[in-house]
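User: I am new to this structure. Please take one part of it and look at that part closely, then show me how the rest is arranged around it.

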Amino acid sequence: MIQRQPLWSLLTLLMLGMIVLSACGDAASGADRLPALPPTVTAVPPSTPTELPPHDPIQLAPVNWDEIEHFRAAMRPAFAGDIDAFVNRNRYYIEASLTFEDGVAIIYGAQRVRYTNRSADTLNELVFRLYPNIPALGGRMVVYQAELNDIPVAPSLSERETVLIIPLDKPLAPGDSAEVELQFSTAAERGMFASYGAFGFQDQTFSGPEWYPVLSVYEEGRGWWTERPTPNGDAAYTESGLYEVLLTVPESFVVAMSGSEIERFPAGDEQMTYHYVTGPMRDLLLVASPIFGKLTNVVDDEITVNVFFWPGGESAAEEVLRITSDAVHIFSEKFGTYPYAELDVAETFNYTAIEYPGIIVVSDRSWVRGNTFLEIATAHEVGHQWFYGLIGNNQVQQPWIDESMTSFTEYVYLRELYGEKRFKDTVQGDRDWYNYYKSSGAPDLVLDLPVASYSDNNYGVIIYTKGPLFYFELEKLLGQERFLKAVQLYFQRFRYEVARSNDVLTAFEDATDEDLDAIFYQWVGEFDGLDPAVVEEMKTRP
Ligand SMILES: [Zn+2]
């Protein structure tokens with residue numbers, strides 16, 4: 001996600017938005033291939049939830065969980081071996097179809113999920129999150145049948161149907177696995193009303209983050225994560241796993257999804273089935289549209305970069321392809337190698353730009369060649385592949401972990417491509433913005449607070465402006481080379497895993513042999529693992 005938008009870019013966006021909107025008005029090609037839908041622009045808020053029509057359960061064959069060879073296709077050759085460590089991590093096998101009926105885009109799906117208890121605790125339940133039911137996403141997900149180890153089980157729902165609890169018939173000991181089969185439907189009413197324009201069906205394009213029931217995270221000693229996400233910021237908190245998906249869509253649709261397509265075959269009745277696999281990824285975004293054009297590039301001889309764009313968007317798409325290719329190359333060199341075989345970008349109706357594992361979306365409103373925000377937003381979301389995608393975090397409780405470092409990656413991108421002056425000007429622009437914010441009397445909050453502790457305005461400035469400035473100060477203190485060594489160590493330690501504030505501090509201290517508790521306390525605030533003596537001393541300072 002990117003929120004930081006100085007005034008000039010907002011003005012530019014407004015002006016460009018008008019141009020883009022009028023361009024889209026002319027782009028009617030493909031409309032005749034879609035089922036007739038009511039011409040609503042704004043979806044109905046989910047206070048009156050969409051009634052999902054019942055349908056026959058999808059019969060899933062048993063899954064041989066030891067079979068992992070086919071997942072290697074989603075990895076670059078040198079990283080194909082990373083799959084081995086995920087045999088006993090979160091595993092998903094999903095069969096689903098995307099259909100359009102009565103004004104609603106609906107996914108009918110079934111999934112077998114194998115969960116292995118990697119904690120030292122014995123578990124009495126498994127917890128899934130039904131993210132589309134979050135008001136901020138404005139969709140609707142229903143699980144209408146569940147089995148635990150092939151025996152029907154009655155799940156319970158909580159937190160406004162965003163938490164699905166599967167009771168276990170016998171406790172799951174550390175190291176043991178359980179298999180859950182869920183039959184589900186996910187609906188997106190036409191149009192986007194909810195925050196960020198992340199989920200829904202509009203402009204002939206379906207965009208579905210976490211469109212299937214997603215395993216939540218079990219934190220040792222704390223239990224399953226069941227918190228209701230706030231409307232601000234990103235909602236998902238997930239662990240990496242291997243996904244295999246058989247997705248059927250109308251054959252006129254072009255599909256863009258996390259992971260790599262390994263085959264496709266006609267499914268009859270003008271439908272096409274796509275077979276996807278992923279490397280270790282923490283969730284899946286599905287985007288599909290009959291009006292997508294596609295441009296492709298290969299980076300570092302191995303990474304396929306695809307850009308999916310709407311009619312009229314080809315010229316900007318060429319630029320997005322260049323930006324994405326440069327960014328993935330630069331960040332691979334600086335932070336650690338991008339391990340997946342593919343990275344996709346899709347133009348959608350979202351408000352700015354949003355990151356997902358292996359795929360990012362960029363707003364149609366910024367999709368204009370030469371737009372500076374298009375470049376910054378795209379580079380930012382590519383940076384998230386390292387910070388959020390590969391190194392995960394609880395985005396609701398600790399948004400600074402991925403967002404502040406990712407905002408710093410914008411500096412890295414600009415410095416590498418355009419030189420020191422552009423880099424320094426950007427840092428100065430952020431400083432001016434942060435100082436203006438403080439001088440206006442707004443609270444100068446620390447970085448490590450839950451999203452809910454910030455207002456709309458101070459969330460953007462603290463996390464996205466103060467955050468990268470903190471890393472800039474840290475880089476100044478340590479020197480560029482040692483700073484990057486620390487980021488690389490952090491990446492090596494937490495690639496595919498979940499990081500907390502102390503993990504960032506420890507990586508920087510271990511890589512540089514410096515005591516950094518004081519500067520972390522000053523900018524990031526108090527967190528588990530900080531040296532209490534330093535905290536005490538800093539607190540008593542005048
Ligand atoms: Zn972001």
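Analyst: The close look here is at helix α7, followed by the core, the strands and one buried loop residue.

The model is a predicted one. The protein has ten helices and 23 strands. Of its 542 residues, 47% are buried. Among contacts between residues at least 6 apart in sequence, 71% join residues at least 24 apart.

Now to α7. Helix α7 covers residues 480–494, which is 15 residues. At 1.5 Å a residue, α7 should span 21 Å. The C-alpha atoms at its ends are 21 Å apart, so the expected span and the model agree.

Which residues of α7 are buried? They are Phe 483, Ala 486, Val 487, Tyr 490, Phe 491 and Phe 494. Looking down the axis of α7, these buried residues fall within an arc of 140 degrees, so they line one face of the helix. The general rule behind such a pattern is simple. An α-helix has 3.6 residues a turn, so residues three or four places apart point the same way.

The face turned away from the buried side of α7 carries Glu 481 and Gln 492, and these are exposed. What covers the buried residues? The cover includes α2 (314–335), α6 (456–478) and α8 (501–512). After α7 comes Tyr 496, with a positive phi near 75 degrees.

Helix α2 leads on to the core. The largest nonpolar core has 148 residues. Val 287, Val 320, Ile 360 and Val 362 touch the most other members of this core. Its largest share comes from α2, with nine residues. In soluble globular proteins, nonpolar side chains tend to be buried together. Val 320 gives a local view. Not counting residues up to four places away in sequence, Val 320 touches Val 307, Val 345, Val 362, Leu 374 and Thr 378.

Next, the strands. Nine of the ten residues of β14 are buried, so β14 is largely enclosed by the rest of the structure. Strand β1 (residues 90–101) runs parallel to β14, and eight bridges join the two. Within that pair, Glu 95 has Leu 246 of β14 as its bridge partner. Strand β17 (residues 271–277) also pairs with β14, in the antiparallel sense, over seven bridges. There, Val 245 is the bridge partner of Tyr 276 in β17.

Another group of strands forms an open sheet of four. Its order is β6-β7-β3-β11, and the pairing is antiparallel. The edges are β6 (156–158) and β11 (214–215), each of which pairs on one side only. Between β3 (residues 123–129) and β7 (residues 163–172) there are six bridges, in the antiparallel sense. Phe 128 stands opposite Leu 164 in β7.

Last, a residue outside the strands. Glu 239 sits in the loop between β13 (223–224) and β14 (241–250). Is Glu 239 buried or exposed? Glu 239 has 20 other C-beta atoms within 10 Å, so it is buried. Leaving out residues up to four places away in sequence, Glu 239 touches Asn 90, Val 217, Arg 282, Gly 392 and Val 498. Glu 239 and Asn 394 are 155 residues apart in sequence, but their C-alpha atoms are 9.9 Å apart in space.

Terms used:
Residues are numbered from 1 along each chain as its sequence is written. This is a predicted model: local features need pLDDT of at least 70, side-chain atom pairs count only at pLDDT 80 or more; totals for chains, interfaces and linings use all residues. The expected span of a helix is 1.5 Å times one less than its number of residues. A residue is buried if 20 or more other C-beta atoms lie within 10 Å of its own, exposed if 12 or fewer, and partly exposed in between; C-beta atoms are placed from the backbone. The arc is that of the directions from the helix axis to the C-beta atoms. Two residues are in contact if their C-beta atoms, placed from the backbone, lie within 7 Å. Two strands pair if DSSP finds at least two bridges between them. A nonpolar core is a set of buried Ala, Val, Leu, Ile, Met, Phe, Trp, Tyr and Cys residues joined through C-beta atoms within 7 Å.
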